[in-house]
Every structure is written in structure tokens, then in C-alpha cells.
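Here's a quick briefing to read with the model open beside you. It runs from the overall picture down to individual residues.

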Amino acid sequence: MLELRHRGGCPGSGGAAAPPPREGEAAGGDHETESTSDKETDIDDRYGDLDSRTDSDIPEIPPSSDRTPEILKKALSGLSSRWKNWWIRGILTLTMISLFFLIIYMGSFMLMLLVLGIQVKCFHEIITIGYRVYRSYDLPWFRTLSWYFLLCVNYFFYGETVADYFATFVQREEQLQFLIRYHRFISFALYLAGFCMFVLSLVKKHYRLQFYMFAWTHVTLLITVTQSHLVIQNLFEGMIWFLVPISSVICNDITAYLFGFFFGRTPLIKLSPKKTWEGFIGGFFSTVVFGFIAAYMLSKYQYFVCPVEYRSDVNSFVTECEPSELFQLQSYSLPPFLKAVLRQETVSLYPFQIHSIALSTFASLIGPFGGFFASGFKRAFKIKDFANTIPGHGGIMDRFDCQYLMATFVHVYITSFIRGPNPSKVLQQLLVLQPEQQLNIYKTLKTHLIEKGILQPTLKNENQAEVILLFRTKST
């Protein structure tokens, strides 16, 4: 069938002989026009086959090589494949958790670098799959443009973060002031350059495939870059908003695997045949309990609950503040049936522990659907894992497919139910204003506070402030 289409089609279809011309039709110019049209149609048919492939036509991607360390292979050589995989996954999981604790100890900046590194690696794994699937077509500039768009989108999102949280630092650097002032215009210009390069790279025989891969790149950017940006936004609200959601997903992944490994009998979903209802339910209860305990432990320390702020005087990130009511112990009355069980009327909890129940519930009930989505994606392209970066686990994307969905939920949850005005962010924005604008805001705020009875009118202090600001304005 493929050869017939390449030769012009099979009889009775597009490749059938043209009927003889009717009486009265011209045999000259019309014949040349029909001949030219037939040639174009033949070219379209010849290469149209490349764009009309079904799922069964997608080429097999060669399986990744086994990267398990030789020392582990020798130590586990006497075990069955099932238990060998169990031990490899367990050892590598403990190793990754230990490294994660080390990065937490190193501070919020290292966590941001970790998120950026994971984002780039996940993008690389997804784009590599697309390149392997369609590499036989030699799509022009595909990988180059994909990485260029990654740089553009990262420049836009991280530039917005710098403008929001590093205003005092930007104020001291004239070059950064220019970049921040025209940041969105520069970002748009960079993206527009990539868009024009894509249009110029279009080749007639690859139109549809090139637009497939253009969409592939943008969906990948939506999944990776946007979500990682939200993760960092959550981190700036306080490290606890970063750690509890992420650790809840990790806990659910581990406990669901353990419950499924030892007790799993009932398949959960066809996309992931190894997932079981026993693992799903066991993971849910374990994750809720873990999240509740983790929230209690972390709420005690300023290092975890205070918003991450950049201090220009020490040129570093700091986590020092007076904890909000969310992280102060409160007394709650117990329901009647719990009073009888616990034999006490009230219980002391951090309000954040109540929020942790919502976070853990999402991590264990909705978060796994990110994994199911990834499983469907892998099945569509006939691959087992996104990569072979981590022995026993697959690629980085295989470990963080649920984290991206969780990041969006946490960001929406914070903006909807938690976040109020951020005084430090407002102050940073005020500091970059012109002296006249600062003076007007000062007068407006002072008048507002006097009307509410919070401040008493002091004409002397007000005149002094005006003189100082006017003097600074004239001197500059």
C-alpha cells in the first residue's frame, strides 16, 4: 500500500487514470494546467503518507540500556527479577531522599537550582522522545528551536520572579533596571524571533509533521516550565509550602508501591496494569497521616514557615519572621465521638495541619492521575520509561509526573485560601519609585491611618519628612 501510494495511488482511487476530455474542451492550455495540477497532487500524495500515520505506524523506540551499577547487579544476582527490582528501587529511593535532605539543609537557593535542573531534564526527556519518533524525517531545526523556546520561556518566567522578589538588588544595577523595565517586550521579541525561524524552516513535504512538533514543544513547555515556575512561587511563600506537598507525593508513591507490591490483587486502571486498588487506598491513608505529622514537625521552625526573602544588605536569602497565625498552636474542640476515645475536650494543633489534610488528599487521590497521564503518553509511543537516568525508576519525568500537577494545585490553593498582601513585596515595589511618588504614597497612607485613629496628627514630623524628600529630589 505504501509503495502504491508513492507511485501515485492504487487503481480506483487517487491513482486511477483520468477520463478522456469532453467534446469542446481545449486540448492545449487546459491540458498543461491539468498536467501541472496532477504533478502537484502526485507530490502531495507521495509525501502525504508521511503525515497520515496511525498509532500502529509509530516506529518502535529502542529500549534504554540498563544503567544499574555493577555492584548492585552482583549483590542481587541470586534474586528473582521481581525482588531484584524491589531492592534496586528501594536503595535508589533512599539515596535520592538523602540527597534531597542535604539540598534542603543547603537552603532555598539550592532548592531553586534543583527545580530548574529537574525542569530542564524533564524537557530534554520529552523532546528526545519526539526526536526519536520522527528523526527519520529529518525535520529541520526541530531540536534547535525546541531548546531556543525553552530559553525564551525561562527568561520570561524567571525575569518576572527577579522583578518581584529582587527589587532592591535590581535598583542598584542600572543594566538590570533596563532589562526589568522592558522585560516583557524583550521576552516577546525573543519568542517572535523563534516563531519566525519556525515559519522559515517549513518544508512542503513536512508541513503537518512540523506543526505536530511545534505543538509538541509548546505542550512540553506548558508541562515543565510553567509548573516549575509555580513550584518556585510556592517556595517563596515559605519552604513548608514546598516540602509538605512534594514529600506527600513522594510518600504516596512509596506507600502505594509497597501496599500494591505486598497486598495488591485488584487492578486499578488499564493504563497502568501494575497499579492496584489496594495500593491506591493504602497510599491514601498513609499519605494523609504522613502529611499531618510532617506539617506538625515543620510548623515549629521559622526556617520552614517564614517566606523566603532576599536581603540586599547580606546579599542572600533569609527566612526570618514572626510566624503567622497559621503556624501558631491553636486549641480546637473535639467532636463528641473523639472526646470519648481520646478522653479530652480540646486538642492543640497548628492551623496548617488542617490545610495539610487537603494537600495530602489531593496528592493521594488526584496526583496519581498525573502518573496515569504519563503512562498513557508512554503507551502511545511504545516506551516503558521516559529515560533510563535512575536505575529501577526510569527517567526524571517518571519520578516527577505527579509533582507538576501538585504544584499547580498548591499555587491555586495558596492564592485562593491563604495568601494575603505581602508587606515585603509591597515595600520592595515602593523603594523603586521616584521620590515624588514615594512622598505622595506617604501622605496618602498617613492620612488614611490618621482617619482610622491609628496615628495622631503631628505636623512637625510631616514637615520634616517633606523637607528631607524634597532635598533628596533636588540633589538627584
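Which residue forms a salt bridge with K339? The partner is E345, and the closest N and O atoms of the two are 3.2 Å apart. Keep in mind that this is a predicted model. The protein chain carries 20 helices and six strands, and 36% of its 476 residues are buried.

**The chain as a whole**

- Take the contacts between residues at least 6 apart in sequence: 70% of them join residues at least 24 apart.
- The chain exposes about 28600 Å², and carbon and sulfur atoms supply 63% of that area.

**Salt bridges**

- Searching the whole structure turns up four salt bridges, and three of them are described here, starting with K339 and E345.
- K339 sits at a relative accessible area of 29%, so it counts as partly exposed, the range between 20% and 50%.
- E345, its partner, is exposed, with a relative accessible area of 52%.
- K378 and D398 bring their side chains together in another salt bridge, at 2.7 Å from N to O.
- That pair ties distant parts of the chain together, with K378 in helix α16 and D398 in helix α17, 20 residues apart.
- Buried or exposed, for K378? K378 counts as buried, at 10% relative accessibility.
- D398 is buried too, with a relative accessible area of 5%.
- E160 forms a salt bridge with R184, where the closest N and O atoms are 3.0 Å apart.
- Here again the pair links distant parts of the chain: E160 belongs to helix α6 (residues 142–165) and R184 to helix α9, 24 residues apart.
- The two ends of this bridge sit in contrasting settings, since E160 is buried at a relative accessible area of 18%, whereas R184 counts as exposed at 57%.

**Nonpolar cores**

- The largest nonpolar core contains 39 residues, and those with the most contacts inside it are L111, I240, W241, F242, L243, F352 and L359.
- Elements giving two or more residues to this core include α4, α5 (108–134), α10, α12 (277–298), α15 (351–365) and α17 (396–418).
- Which element gives the most to this core? That's α11, with eight residues.
- Why does this core lie between domain 1 (65–106) and domain 2 (110–295 + 348–422)? Both domains give residues to the core, so it lies between them.
- F242, one of the residues with the most contacts inside the core, touches F100, L111, V115, V231 and L235, leaving out residues up to four places away in sequence.
- A second core, separate from that one, has 32 residues, among them I88, I126, V225 and I383.

**A nonpolar patch on the surface**

- L79, W83, W87, I91, L258, F262 and F263 form a nonpolar surface patch, and together they have about 630 Å² of accessible area.
- Two elements, α4 (81–106) and α11 (239–263), give two or more residues to the patch.
- L258 is placed in helix α11, and at 31% relative accessibility it counts as partly exposed.
- Helix α11 therefore appears in both settings, as a contributor of two or more residues to the patch and as the element that gives the most to the largest core.

**Two buried loop residues**

- S201 lies in the loop between α9 (183–200) and α10 (207–236).
- S201 counts as buried, because its 5% relative accessibility is under the 20% cut-off.
- Beyond residues up to four places away in sequence, S201 touches P140, W141, L145 and Q210.
- G367 is found in the loop between α15 and α16 (368–380), and at 0% relative accessibility it counts as buried.
- Which residues does G367 contact, once neighbours within four places in sequence are set aside? They are F362, C402 and L405.
- G367 and C402 are 35 residues apart in sequence, yet their C-alpha atoms are 5.2 Å apart in space.

Conventions
Residues numbered from 1 in each chain as written. Predicted model: local features only at pLDDT ≥ 70, side-chain atom pairs only at ≥ 80, totals over all residues. Heavy atoms only, no water. Helix = DSSP H or I, 4+ residues; strand = E, 2+ residues; numbered from the N terminus. Buried < 20%, exposed > 50% of the residue type's maximum accessible area, 1.4 Å probe, protein only. Contact = heavy atoms within 4.5 Å. Patch = residues over 30% accessible without salt bridge, like charges linked within 9 Å, V, L, I, M, F, W, Y side chains within 5 Å. Areas by Shrake-Rupley, 256 points an atom, 1.4 Å probe, with all protein chains shown as cover. Core = buried A, V, L, I, M, F, W, Y, C linked by side-chain atoms within 4.5 Å. Domains from an automatic or database assignment.
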